[in-house]
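User: I'd like to go through this protein with you, a question at a time. Could you start with the ground rules?

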Amino acid sequence: MIIFLSELQKEHLSLLHNHSPQVLIDFCKLTIDYLNNGINEKKYALAAEKLETLPSVIQNLIQALAHLILEGCKHNLSEQNFKSSLAIAGFSDDHQQVLVKFYSRKKGELSAALNLLQRKDPTYQDLAWRFEVQMASKSCPEIMKPMVTMDYVLSVPKSYDHSIDKHTHRESDDICISSSVEEAKAASHCQNVVKHVIMQCDLPTLVHLTNTLNEAANESKSQHIRKIQRAL
């Protein structure tokens, strides 16, 4: 897969084509600072003064560069595909090497933050359990029936009204991209609700459940599953 930038984004990034790889390295640092801490007008003003341009130009450049990196992480691009995307965007070979190195170093951290923002499935948080034994009943006074009651604590993303128009969704996407990595992690907790799932079973069922989960865990480590995960 290749990332295709808009003409406006290419125009914002074109300022980098006229400067050395060291300048690009400095902008990579500013981009990570932007993703972690948000807009820093003071730093943009200093960079604009050095390059003899406007702070708004610097900000647009950094946001376009952040978009390029995030799109690569979102689609899990390989280094070769990311490099091809950079070539199409007009970057020189030297600039491509800098950006590919930057992408490979930050891909894990940024992908984790994006996963937090896009997560929809319930996630496990905690488990409480108790062991119960039914000693007798009216019909069978000498029964011995052990049971295990489990309380699964899950974190479930909040469901919002899907009738929001496309314009509102577009603004929401922009907010997510502009948010810092730390804000994304904090927001993922604030936007979740805690759900308790109660399950009761006898010992044979519990043993069968445990064995099935162990088999699934072992299968997830197999070479075949790892190939599928890399492909996804």
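Analyst: Buried means under 20% relative accessible area, exposed means over 50%, and partly exposed is what falls in between (1.4 Å probe, protein chains only). This is a predicted model, where local features need pLDDT of at least 70, side-chain atom pairs count only at pLDDT 80 or more, and totals for chains, interfaces and linings use all residues. Residues are numbered from 1 along each chain as its sequence is written, and side-chain values use heavy atoms, with hydrogens and water left out.

User: How many helices and strands does the protein chain have?

Analyst: Helices (H or I, at least four residues) and strands (E, at least two) are DSSP runs, numbered from the N terminus. Along the sequence they come in the order α-α-α-α-α-α-β-β-α-α-β-α-α. The count is 10 helices and 3 strands.

User: What share of the 232 residues is buried?

Analyst: For the outside, the protein chain exposes about 15400 Å², with carbon and sulfur atoms supplying 55% of it; these areas come from the Shrake-Rupley method with a 1.4 Å probe, and for residues only the protein chains shown count as cover. As for the buried residues, their share of the 232 is 29%.

User: Which helix gives the most to the largest nonpolar core?

Analyst: A nonpolar core is a set of buried Ala, Val, Leu, Ile, Met, Phe, Trp, Tyr and Cys residues joined through side-chain atoms within 4.5 Å. The largest one has 39 residues, and F27, I58, L68, F82, F91 and L99 have the most contacts inside it. Helices α2, α3 (41–51), α4, α5 and α6 each supply at least two residues. The top contributor, with 10 residues, is α4.

User: Why does the span of α4 agree with what's expected?

Analyst: The expected span of a helix is 1.5 Å times one less than its number of residues. Helix α4 covers residues 55–74, so its 20 residues should span 28 Å. The agreement follows because its end C-alpha atoms are apart by that expected distance, 28 Å.

User: Which residues does L68 touch, leaving out those up to four places away in sequence?

Analyst: L68 is one of the buried residues of α4. Contact here means heavy atoms within 4.5 Å. With that cut-off, L68 touches I3, L5, F82, L86 and F91.

User: How are the rings of F82 and Y103 arranged?

Analyst: Rings of Phe, Tyr and Trp (its six-membered ring) pair if their centres lie within 6.5 Å; planes under 30 degrees apart count as stacked, over 60 as edge-to-face and the rest as tilted. The structure holds 1 aromatic pair. In it, the rings of F82 and Y103 have centres 4.1 Å apart and planes at 10°, so the pair is stacked.

User: Which helices hold those two residues, and are they buried or exposed?

Analyst: F82 lies in α5 (residues 79–88) and Y103 in α6 (residues 93–118), so the pair ties together parts 21 residues apart in sequence. F82 has a relative accessible area of 0%, and Y103 has 1%. So the helices are α5 and α6, and F82 is buried, as is Y103, which is likewise buried.

User: How many disulfides does the structure hold?

Analyst: A disulfide is a pair of cysteine sulfur atoms within 2.5 Å. C28 counts as buried at 5% relative accessibility, and C201 does so at 7%. The number of disulfides is 0.
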